[in-house]
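Subject: Structure handover

Hello,

Please find the structure below, with the sequence alongside. My notes on what was found come after it.

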Amino acid sequence: MANPQLNIGNLDFSDIKKSLKTYLSNQDTLKDYDYEGSVISTLLDLLSYNTMYYAFYSNMIANEMFLDSAQKISSLISLAKPLGYVVPGATSARAVYQILFGGGNITIPRFHKFIGTDENGRSYNFYTINEAQTDGTGNAEIELYEGSNFYDGVQVTLNEDRTRAFISRTDIDIRTLVVNVDGDEWQLSSNVNDQINSESEVYFLERTDAGFYIIFSGNISDGINVGYGKPLPENAIVTVSYLTSSGTVGNGINSFTTDWTDILDTEALITRTVVASGGGSLEPDIDAVKFFAPKWFSSQDRVVTKNDAIAILTKELLPGLDDSDTKLSVWGGEENDPPYYGRFFVSLLGDNESEEIDGETIVTALNVLKQKCVVTVLPEYVGPNLSTMIVRMNGTSNQSRTNKSPSVLQAEIATALNSEFGGSYRFNKEITSFDIQRIALSVDPSLNIEPSSISSTHEINFSLSQNIRYFSFKNPIKIQTGTINSRSVQSTPTLGYLGYTDLQVVDSPTNIDSSGWAPLYLVRYVNGSYTYVTENARNVIAGRVNYERGLVEIYAGMMIQPFTLKLVPQNVTFRAKQELILNPTFQVSITAEA
């Protein structure tokens, strides 16, 4: 007897039936049957259909088991869950809206309602999902999110052990979700890490086919993993606020109106739409889920946030350093002024109190980050920028309460302040006027020092260059009118424009434009007085300064040789952010009380 075999390589209906017929005709039991004109042909049809259906079903199951090939949202939800990625529900259309001249330091509240109108006259509701504030010139840029409905302060039911609540909707834009516990807003966390403890007011989000679980991990414990989130009180009231999306119908809107009553000065108000609404959808983008879910998971030992970059650099370059915040600084391009998207920046400090670091270490740091950072986001190195902070303090001493002379007290105060704020260069150093006063007064009970008697000036050195000079002070600059030598921005003399060797730049705070910029002029100190450098009977503009943003620009060719730029901050309290490092010195004057 022949050894019949089935051909299982082809799974189309006709191929399956042909394979069955070949098999049956090559064995002895049913060898002489007419497979085309008998009842057995119908049976072969049933067997072929059953085989084809099962093959298709098995293929679908196999596809839905893997993230790359899954097509059903329910499968993606299940597959993304172990990766720590929450598959979103609906996505609200988002627009960017700008307010001009709305009044300085005015707050636009969260979930403030706007009406968006499309080209056919149909109206849609849009909301702010974050509180926004106008700057000193009345400008603000805000994001608007479309919402078919706004659910505000809806109380949700907790399960018996107070670990989770369920929102039975899938059309929620999870970017707009706000969770409050007994009136306090809790923050969404996507990861269990060492920074979450038993007092952390955090919740986790989990997607299902029917909606979203809000999970409070404080009461969840296996006896080993404890302290990852604050437990909910026994009678806690949990409320949620969120927007639901109308999907794609909210896209393409660029005309918005709202009721500004009690918020902005509508008489001077000018607004415009910067980016028309877009991105609205009722279903998650399957391709986006497949792309981002593994990237989300792989951010372990990867650079996704600036904290990831700090952790990686500390591990690779500064092992064993307890306070890495002092020797390296990392910030995103969105934190730059102006912003630089698609980049993040790194600045490093060397050993032995040097603000410089060797080139090999810089190259190593950038290579480490490039291997681990997210696609399309690139690291760049920025050298540390030193600002010498000169703090001046005047005070008095009641000599009847001490045996120390004013000169001795001066020296002791300076020593105490240097002990607290001096020492090696480091990033993120902060000096407050309160701490300066507190430390000075602790030296001796006879001292009297008023906060108004403390002032400061910053000095930044610039090297030889023909190019534009740019400096970000990271803090507001004080606006001071009066004589030239009392201005907030002034340089030491140097070689520059038209070959003058005694050129200085000074600000002109009486000429601030609508964007907050004031010009810098060139001056010379001649025969005991300052004179402006002119051309065609006009003062030469050498650059500009933005006091509120702390930005200084000196145009190319204006100041060529090295010089020192002196700046007066708006407040004595100062935070050295990003690449800025602070080197404070103290000038103390104590006199005996009359």
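Helices α7 and α8 cross in a right-handed sense. This is a predicted model, and that applies to everything that follows.

To place the two helices: α7 covers residues 406-421 and α8 covers residues 433-441. Their axes come within 9 Å of each other and cross at roughly 135°. An angle over 145 degrees would count as roughly antiparallel, and 65 to 115 as roughly perpendicular; the α7 and α8 pair is therefore oblique. On the α7 side, the contact is made by I413, A416, L417, E420 and F421. Their partners on α8 are D435, I436, I439 and A440. Sorted by class, the contact of α7 with α8 has seven nonpolar residues, two charged ones and no polar ones.

A second helix pair lies earlier in the chain: α1, residues 13-25, and α2, residues 39-64. Here the axes come within 9 Å and the crossing angle is roughly 125°, which makes α1 oblique to α2. The crossing of α1 and α2 is right-handed. From α1, the residues in contact are F13, I16, K17, L20, K21 and L24. They meet S41, L44, D45, L47, S48, Y49, T51 and M52 of α2. By class, the contact of α1 with α2 is made up of eight nonpolar, three polar and three charged residues.

Next, the pocket. The second largest pocket in the model has a volume of about 890 Å³. Its lining counts 29 residues, and those closest to the centre are D135, D337, N546, E548 and R549. Which classes make up the lining of this pocket? Polar residues number 12, charged residues nine and nonpolar residues eight.

One of those central residues, D337, also takes part in a backbone feature: the peptide bond that joins D337 to P338 is cis, with omega at about 0°. P338 sits in the loop that runs between strand β16 (328-332) and strand β17 (343-348).

One more backbone point concerns L498. Its phi is near 60°, a positive value in a residue that is not glycine. L498 also belongs to a loop, the one between β24 (489-491) and β25 (503-507).

If you open the model, D337 is a convenient place to begin, as a residue listed among the closest to the pocket centre and as one partner in the cis peptide bond with P338.

Regards

Methods
Residues are numbered from 1 along each chain as its sequence is written. This is a predicted model: local features need pLDDT of at least 70, side-chain atom pairs count only at pLDDT 80 or more; totals for chains, interfaces and linings use all residues. Side-chain values use heavy atoms; hydrogens and water are left out. On a 1 Å grid over the protein atoms alone, a cavity is a set of points where a 1.4 Å probe fits but cannot get out, and a pocket is an open set with protein on both sides within 12 Å along at least five of seven lines; lining residues have an atom within 4 Å of a point. Grid points are joined across faces, edges and corners, and a volume is the space filled by probe spheres set on the points. Ala, Val, Leu, Ile, Met, Phe, Trp, Tyr, Cys and Pro count as nonpolar, Asp, Glu, Lys and Arg as charged, and the others, Gly among them, as polar. Axes are lines fitted to C-alpha atoms, for helices over the stretch in contact, and angles run from 0 to 180 degrees between N-to-C directions. Helices (H or I, at least four residues) and strands (E, at least two) are DSSP runs, numbered from the N terminus. Angles under 35 degrees count as roughly parallel, over 145 as roughly antiparallel, 65 to 115 as roughly perpendicular and the rest as oblique. A crossing is left-handed if the near helix is turned anticlockwise from the far one by less than a right angle, and right-handed if clockwise. Contact means heavy atoms within 4.5 Å.
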